[in-house]
Protein chains: 2
Amino acid sequence: MTQYRNPHPTADIIIETTLQDGRSGIILIKRKFPPYGWALPGGFVDYGESMEAAAIREAKEETSLDIQLKYQLHTYSDPKRDPRKHTVTTVYVATATGTPEAKDDALEIGVYALDEIDFPLAFDHRQIIDDYLAHKTFFL
Amino acid sequence: MTQYRNPHPTADIIIETTLQDGRSGIILIKRKFPPYGWALPGGFVDYGESMEAAAIREAKEETSLDIQLKYQLHTYSDPKRDPRKHTVTTVYVATATGTPEAKDDALEIGVYALDEIDFPLAFDHRQIIDDYLAHKTFFL
């Protein structure tokens, strides 16, 4: 079969957590590699690996957490969403137990209340979090 | 950047239509190439092309219809879903006006009422249509 050039699939994960003061939050990572900045945990899907398996693996690699997937939020494919090359990300919402610890591509871990994520994020992760909040408001 | 081997993204489309007797239906194509059989219209996403643009282009190429996307249903990534190679498909639900005509990879077009699609479909398209029907029942 002819090999065409296709976008590269990735999986990103919104890991829901509860802060010590009881507020709902999610986990962000500070990226070790460009594009720098805070972002959702996630990464490239391997050939032969499902999106769900990639989401669980990437969450573990970057945050040390074992996650349980709750639902698939949406797939984002704007060719300009990733400055490195054309990636298509499928975003999952998950829960986790345990204490996150930065590893692999993550320099640092941040646990943020939903209403305090008012700073710039890498890629289109601002849009993704806005969509997540809208989805939570309308459906959950 | 190192080139990893990734699954290949595709877009498939559930094109909603109304049959002459007033029943709700969707459009299927009979595939010209393996895997043979009836399937949803769809195909590979080009590098630099969004999933939404690919869905509109593939629907046009295979059915001659200009479609309007309604919503994104889900993304399916089981490594065994496509016998050719590992593909990840994002499925859109759309409407269309005009008369479908088979072109490109489509040998034949079928307009089927939702309750008469009781025959085998290529890929995981049976699962996709079942998920679409469940989604319609619960959310629309």
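Buried area is the accessible area that two parts lose on being put together, summed over both. The legends below describe a predicted model.

**Figure 1. The interface of chain A and chain B.**
Chain A and chain B bury about 2600 Å² between them, and 57% of this area is on carbon and sulfur atoms. On the side of chain A, the elements that give two or more residues to the surface touching chain B are strand 1 (8-18), helix 1, strand 5 (66-76) and strand 6 (87-97). Strand 5 of chain A gives the most to that side, with 3 residues. In terms of contacts, 28 residues of chain A meet 28 residues of chain B. Polar contacts between chain A and chain B number 19 residue pairs, counting pairs with both residues at pLDDT 80 or more. The rule for salt bridges finds 0 across this interface.

**Figure 2. A:Tyr47 and its neighbours in chain B.**
A:Tyr47 sits in the loop between strand 4 (42-44) and helix 1 (51-63) of chain A. Not counting residues up to four places away in sequence, A:Tyr47 touches B:Arg5, B:Asn6, B:Pro7, B:His8, B:Lys85 and B:His86. Two of these contacts can be described further. B:Arg5 lies over the face of A:Tyr47, at 3.6 Å from the ring centre. The backbone nitrogen of B:His86 is 2.9 Å from a polar atom of the A:Tyr47 side chain. A:Tyr47 has a relative accessible area of 28%, so A:Tyr47 falls between the limits of 20% for buried and 50% for exposed and counts as partly exposed. Within chain A, A:Pro9 is 38 residues away from A:Tyr47 in sequence and 9.6 Å away in space, C-alpha to C-alpha.

**Figure 3. A:Arg5 over the ring of B:Tyr47.**
This view shows a charge over a ring, with the arginine from chain A and the tyrosine from chain B. The charged end of A:Arg5 is 3.6 Å from the centre of the B:Tyr47 ring. In the view of A:Tyr47, the arginine over the ring is B:Arg5, also at 3.6 Å from the ring centre.

**Figure 4. Aromatic pairs, with B:Trp38 and B:Tyr112 in close-up.**
Over all chains, 4 aromatic pairs are counted. One of them is formed by B:Trp38 and B:Tyr112, edge-to-face, with 5.5 Å from centre to centre and 85 degrees between the planes. B:Trp38 belongs to strand 3 (residues 38-39) of chain B and B:Tyr112 to strand 7 (residues 106-113) of chain B, so the pair ties together parts that are 74 residues apart in sequence. Both residues fall under the 20% limit and therefore count as buried: B:Trp38 has a relative accessible area of 12%, and B:Tyr112 one of 18%. In chain A, ring pairs link A:Trp38, A:Tyr112 and A:Phe119 into a cluster.

**Figure 5. Cis peptide bonds between prolines in chain A and chain B.**
The peptide bond that joins A:Pro34 and A:Pro35 is cis, with omega about -10 degrees. A:Pro35 lies in the loop between strand 2 (24-31) and strand 3 (38-39) of chain A. In chain B, the bond from B:Pro34 to B:Pro35 is cis as well, with omega near -5 degrees. The loop that holds B:Pro35 runs between strand 2 (24-31) and strand 3 of chain B.

**Figure 6. Residues with positive phi: A:Phe123 and B:Ser64.**
A:Phe123 is not a glycine, yet its phi is positive, at about 55 degrees. A:Phe123 is placed in the loop between strand 7 (106-113) and helix 2 (125-139) of chain A. B:Ser64, also not a glycine, has a positive phi of about 70 degrees. The loop of B:Ser64 lies between helix 1 (51-63) and strand 5 (66-76) of chain B. With a relative accessible area of 18%, B:Ser64 is buried.

**Figure 7. The surroundings of B:Thr89.**
B:Thr89 is part of strand 6 (residues 87-97) of chain B. Its relative accessible area is 0%, and B:Thr89 is buried. The side chains of B:Thr89 and B:Asp12 are joined by a polar contact of 2.7 Å. Neighbours within four places in sequence left aside, B:Thr89 is in contact with B:Thr10, B:Ala11, B:Asp12, B:His74, B:Thr75, B:Tyr76, B:Arg81 and B:Ile128.

Methods: Residues numbered from 1 in each chain as written. Chains lettered and ligands numbered in written order. Heavy atoms only, no water. Helix = DSSP H or I, 4+ residues; strand = E, 2+ residues; numbered from the N terminus. Buried < 20%, exposed > 50% of the residue type's maximum accessible area, 1.4 Å probe, protein only. Contact = heavy atoms within 4.5 Å. Polar contact = N/O pair within 3.5 Å; in protein donor to acceptor, adjacent residues only side chain to side chain. Phe/Tyr/Trp six-rings, centres within 6.5 Å; stacked < 30°, edge-to-face > 60°. Lys NZ or Arg CZ within 6 Å of the ring centre and 35° of its normal. Buried area = accessible area lost by both parts, 1.4 Å probe. Salt bridge = Lys/Arg side-chain N within 4 Å of Asp/Glu carboxyl O.
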